[in-house]
Amino acid sequence: MPSNKSVSEAPITQLLNCRILRDHRLQNEDLWVREGKILDPEKLFFDEQAYADNQVDCGGAIVAPGFIDVQINGGYGVDFSQASDDVSAGISLVAQKLLEHGVTSFCPTLVTSPPHIYHKVLPQIKVQDGGPHGAGVLGVHLEGPFISAKKKGAHPERFLRTFSGPDTVMADLMDVYGGLDNVALVTLAPELEGSRWAVSELCQRGVTVSLGHSVANLSQAEEAVRHGASFITHLFNAMLPFHHRDPGIVGLLTSEHIPAGRSVYYGMIADGIHTNPAALRIAHRAHPKGLVLVTDAIAAMGLGPGRHKLGQQDVQICGLHVYVAGTQTLSGSIATMDMCVRHFKHATGCRVEEALEAASLHPAQLLGISQSKGTLDFGSHADFVLLDDELNVKATFISGQEVWRKTTQEQQ
Amino acid sequence: MRRTTSTKQDTMRLVILDDYNLASEWAAKYIRNRIIQFKPSANNFFTLGLPTGLPRAHPESYHSYMWNNFFKYIDIDPANAHILDGNAEDLEAECKSYERKIAEAGGIHLFVGGIGPDGHIAFNEPGSSLVSRTRVKTLAKDTIVANARFFGNDLSKVPTMALTVGVGTVMDAKEVMIVITGAHKAFALYKAIEEGVNHMWTVSAFQQHPHTIFVCDEDATLELRVKTVKYFKGLMHVHNKLVDPVLSVKDK
């Protein structure tokens with residue numbers, strides 16, 4: 001006799017004829033879903049003596065956990081750093097469009113801005129679940145303003161900040177940002193005076209701290225990691241280049257001074273432009289489990305070529321390149337997440353599973369949410385994508401519900 | 001339409017195929033044909049006992065084994081899959097309940113099983129009563145050693161007790177099929193069919209069953225007399241009529 005029966009009457013969906021990513025490999029298994037979560041079919045069979053209410057034929061597709069983008073500045077004309085009165089409308093538009101690229105959760109990113117922008121915009125962005133309306137918001141990524149002037153990239157120098165003193169870091173953070181509710185990630189430069197206390201304070205409040213836009217040496221970076229930092233913002237970009245006697249932030253990939261039980265993750269923009277494929281391969285081979293694909297996409301993503309506004313600056317688009325208007329400084333990318341996954345696999349020659357995990361499992365682990373996101377383990381949220389063998393997105397599901405499907409008229 | 005089975009005639013068949021894969025395939029086709037001939041509607045079947053004392057989700061538990069190797073590939077109504085529950089509170093009641101469910105389903109039409117190197121059927125170890133029913137059995141050392149490979153070769157981890165259908169339970173089935181492959185089973189097969197009925201080799205009880213099929217590969221026949229093997233190989237053209245043609249639910 002089965003020992004316990006579940007009391008749920010909710011319908012059960014079985015996805016068959018697919019290859020699912022589980023335990024780091026693609027397996028010929030069916031995927032079972034109920035009430036927005038991945039179900040254990042063996043328990044269902046023996047404990048509940050239940051079977052599927054509906055079956056979905058996946059046509060041999062790959063089923064991977066939905067992609068998670070932890071660095072995206074906007075898209076489709078929306079710039080998250082703009083002081084709009086209706087920020088949530090912009091978030092919703094982007095969230096909806098992201099479904100086409102297999103992204104089921106994301107962190108809207110704000111670049112260096114003056115305090116009044118943060119005070120106006122942040123309260124309007126809330127952590128929320130995804131659904132038919134669009135990808136879920138995991139929290140905001142605050143990239144700056146506590147970064148180095150020497151590596152500001154496209155960030156406006158006049159709004160960069162430093163900490164007034166080791167005892168006042170929280171006051172400084174609150175003064176600039178206005179609050180840390182709904183903040184998932186903060187990027188800062190660890191060589192700034194007092195930043196180690198900022199790292200501690202932020203980590204204690206459950207915010208993931210990332211190192212970036214910095215001229216820190218390896219020791220400074222390692223100290224920040226000791227205080228809780230766990231991510232590197234777009235590795236190689238906006239930091240000192242690797243040097244064999246002082247590898248700088250890049251050296252964290254193989255550092256011996258990472259506290260036991262902890263891991264350092266690093267974002268990479270695999271659009272074929274921000275990082276030379278050889279550099280991508282070096283990083284991947286040095287620390288494959290830490291690689292997190294990010295788009296760092298800007299408002300112009302999804303729009304055509306020309307001049308657009310990013311944060312407090314203007315940018316120019318030529319093909320897949322985006323520059324600070326009038327310069328040769330790269331200003332973010334317009335590659336979509338699925339393009340990044342494909343390019344990453346192609347450039348590194350890695351296995352399909354590795355490419356998919358770099359966009360799902362690793363960002364989930366970074367944010368400490370891999371119990372519910374980033375995998376197809378039993379009990380996880382049923383956010384997943386159907387892909388063909390070339391890793392083009394065919395359909396996107398959130399909480400077990402189909403929220404986007406490629407139609408034959410769809411253009412790339 | 002040619003009759004593909006002579007269920008009315010009492011038979012002991014020894015079906016010998018060249019290797020493991022061919023033996024498995026022959027057995028599978030036979031079972032398929034029998035299921036279709038049965039015209040299943042409320043389709044019931046049983047599996048044999050499972051080790052007690054194991055959490056159900058343990059990879060070596062019979063539940064996990066049956067799920068991963070069988071149930072997940074078929075669309076049976078889970079309510080029609082009955083496995084002896086080694087985690088039941090009252091094991092004796094569980095065994096009695098199992099016997100009752102068999103009776104309620106109209107008895108076993110086809111019992112399919114293998115044998116151990118010690119000639120046991122299900123977990124009816126040497127010395128078991130040949131008229132036994134479903135019950136709790138202590139496993140023999142041979143069986144524990146044979147199973148150690150599933151438990152990291154740590155003998156202390158191998159279950160020592162199991163629930164099992166009895167020899168008598170299986171004898172009540174209308175038809176019995178035993179699948180035996182591999183040289184390590186050869187001696188048991190010899191004892192099963194060329195020696196007498198003996199409770200030390202419990203599978204020998206089926207010599208007294210009206211309708212038995214032994215399906216084996218060449219290696220399993222290594223301890224049989226050449227005469228026996230030649231005799232039954234000579235009957236393969238008759239045996240093969242049982243699996244050719246392979247029936248379909250769309251027939252008739």
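Let me start with the sheet in chain A that holds six strands: it is an open sheet, its order is β3-β2-β7-β22-β23-β24, and its pairing is mixed. Please keep in mind throughout that this is a predicted model. The edges of this sheet are β3, residues 25-27, and β24, residues 401-405, both in chain A, and each of them pairs on one side only. From one strand to the next, the twist averages 30°. If you follow the order to its end, you reach the pairing of β23 of chain A, residues 393-398, with β24(A), and these two strands run antiparallel and are joined by 4 bridges. To fix the register there, you can take A:A395, which stands opposite A:R405 in β24(A).

As a general reminder before the next sheet, strands of a sheet pair through backbone hydrogen bonds, either parallel or antiparallel.

Chain A has another open sheet, built from 4 strands in the order β5-β4-β1-β6, and here too the pairing is mixed. Which strands form its edges? They are β5, residues 37-39, and β6, residues 54-57, of chain A, each of which pairs on one side only. For this sheet, the twist from one strand to the next averages 30°. Within it, β1 of chain A, which covers residues 12-16, pairs with β6(A) in the parallel sense over 4 bridges, and A:T13 is the residue that stands opposite A:N54 in β6(A).

A helix belongs to this picture as well, namely α1 of chain A, residues 41-48, which lies across β1, β4 (31-34) and β5 of chain A and runs at about 65° to β4(A). In the loop between α1 and β6 of chain A we find A:Q49, a residue other than glycine whose phi is nonetheless positive, near 50°.

Now to a hairpin, again in chain A. Strand β20, residues 313-318, and strand β21, residues 321-324, run antiparallel and are joined by 4 bridges. Two of the pairings can be named: A:V315 stands opposite A:V324 in β21(A), while A:C318 has A:H321 as its bridge partner in β21(A). Between β20(A) and β21(A) there are 2 residues, and in the turn A:G319 has a positive phi of about 65°.

Next, some backbone geometry that I would ask you to look at in the viewer. Most residues other than glycine have a negative phi, and most peptide bonds are trans. Against that background, where do we find cis peptide bonds? In chain A, one joins A:G144 and A:P145, with omega about 5°, and A:P145 has its place in the loop between β13 (140-143) and α4 (169-177) of chain A. In chain B, a cis peptide bond joins B:D244 and B:P245, with omega about 10°, and B:P245 is found in the segment after α8 of chain B, the helix at 236-239.

That brings me to the interface between the two chains. The size of an interface is often given as the accessible area lost when the parts come together. Here, chain A and chain B bury about 1,300 Å² between them, and 56% of that is on carbon and sulfur atoms. In terms of residues, 11 of chain A are in contact with 16 of chain B.

How many salt bridges does the rule find across this interface? The rule finds 1, and in a salt bridge the side chains of A:E29 and B:K72 meet, at 2.7 Å from N to O. The count of residue pairs in polar contact between chain A and chain B, with both residues at pLDDT 80 or more, is 1. As for composition, the side of chain A that touches chain B divides into 6 nonpolar, 1 polar and 4 charged residues.

Methods:
Residues numbered from 1 in each chain as written. Chains lettered and ligands numbered in written order. Predicted model: local features only at pLDDT ≥ 70, side-chain atom pairs only at ≥ 80, totals over all residues. Heavy atoms only, no water. Contact = heavy atoms within 4.5 Å. Buried area = accessible area lost by both parts, 1.4 Å probe. Salt bridge = Lys/Arg side-chain N within 4 Å of Asp/Glu carboxyl O. Polar contact = N/O pair within 3.5 Å; in protein donor to acceptor, adjacent residues only side chain to side chain. Nonpolar A, V, L, I, M, F, W, Y, C, P; charged D, E, K, R; others polar. Pairing = 2+ DSSP bridges. Axes fitted to C-alpha atoms, helices over the stretch in contact; angles between N-to-C directions.
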